[in-house]
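Here are some notes for your reading of the model, arranged as numbered points. Please keep the coordinates open while going through them.

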Amino acid sequence: MPLLPSRFIYVCLHFLVLYFQVQESQQTSADFRVYVENRTGTPDDLSRKQIRIYQLYSRTTGKHVQILGKRINANGDDGGKYALLVVETETFGSHIRIKGKESGYYICMTNKGKIIGKLQGKNPECVFVEEVLENNYTALVSAKYKGWYLGFNRKGRPKKGSRTQQNQQEVHFMKRHPKGKVDPLPEFRFTTVTKRTRRARRLKPSSN
């Protein structure tokens with residue numbers, strides 16, 4: 001039996017090493033994704049909780065999300081007491097609960113996709129996941145009902161989660177400082193809304 005050239009053996013060994021490295025990398029990535037999903041899927045009482053107070057500017061109405069109690073809309077004025085939101089981190093990751101500072105009610109989504117306010121925010125239906133979009137807006141998708149977003153139509157009324165998609169203007173929001181307040185967390189960036197922003201919003205078509 002003829003001996004294989006040493007160069008050929010070296011090349012084969014090199015490819016084998018590369019193959020195992022790729023396999024290990026893919027396995028590590030998969031394991032990390034599973035870890036993140038597990039961590040974000042259940043409440044974590046050990047992680048440090050963070051609380052922020054800000055407003056959510058609606059791209060559709062040009063006003064702010066406000067929690068009046070059981071009723072929620074996107075017709076709040078800048079600095080309005082019902083437009084001040086207390087945002088609590090829920091788990092490892094970007095899971096949050098949103099509560100009205102004045103009303104004490106949380107934004108929740110029912111199994112029919114209806115947006116309502118609830119006094120008790122521990123229910124998984126009251127947990128949302130922040131998604132930062134390429135256009136610098138933020139979308140909030142239900143942690144329980146995948147693919148269902150918090151959204152409001154042109155009149156400021158809540159849209160059913162089952163009728164929302166990430167690319168719709170109705171689900172796009174900007175985080176804004178409370179009027180006259182300074183952000184206590186310097187690393188947390190807010191987006192300033194200008195008259196030019198409002199004009200651009202009016203010129204763009206919106207899907208219902």
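1. How many aromatic pairs does the structure hold? In this predicted model there are two aromatic pairs. One of them is formed by Phe152 and Phe173, whose rings are arranged edge-to-face, with 6.1 Å centre to centre and 85° between the planes. This pair links distant parts of the chain, since Phe152 belongs to the loop between β9 (138–142) and β10 (173–176), while Phe173 sits in strand β10, 21 residues apart. Both Phe152 and Phe173 are buried.

2. A second place to inspect is Glu125, which is located in the loop between β7 (115–118) and β8 (128–132). Glu125 counts as buried because its relative accessibility is 10%, which is to be read against a cut-off of under 20%. The side chain of Glu125 makes a polar contact of 2.7 Å with the side chain of Tyr145. Once neighbours within four places in sequence are left aside, the residues in contact with Glu125 are Cys108, Met109, Thr110, Asn111, Lys118, Lys144 and Tyr145.

3. As for internal voids, a search of the whole structure finds one cavity of 30 Å³ or more, and the largest cavity has a volume of about 40 Å³. The largest cavity is lined by Gln50, Ile51, Arg52, Tyr54, Val87, Thr89, Ile96 and Glu130. The elements that give two or more residues to this lining are β1 (51–58) and β4 (85–89), and β1 gives the most, with three residues.

4. On the chemical character of that lining, the residues around the largest cavity divide into four nonpolar, two polar and two charged.

Terms used
Residues numbered from 1 in each chain as written. Predicted model: local features only at pLDDT ≥ 70, side-chain atom pairs only at ≥ 80, totals over all residues. Heavy atoms only, no water. Phe/Tyr/Trp six-rings, centres within 6.5 Å; stacked < 30°, edge-to-face > 60°. Helix = DSSP H or I, 4+ residues; strand = E, 2+ residues; numbered from the N terminus. Buried < 20%, exposed > 50% of the residue type's maximum accessible area, 1.4 Å probe, protein only. Polar contact = N/O pair within 3.5 Å; in protein donor to acceptor, adjacent residues only side chain to side chain. Contact = heavy atoms within 4.5 Å. 1 Å grid on protein atoms, 1.4 Å probe; cavity = no way out; pocket = protein on both sides within 12 Å on 5 of 7 lines; lining within 4 Å. Points joined across faces, edges and corners; volume = space filled by probe spheres on them. Nonpolar A, V, L, I, M, F, W, Y, C, P; charged D, E, K, R; others polar.
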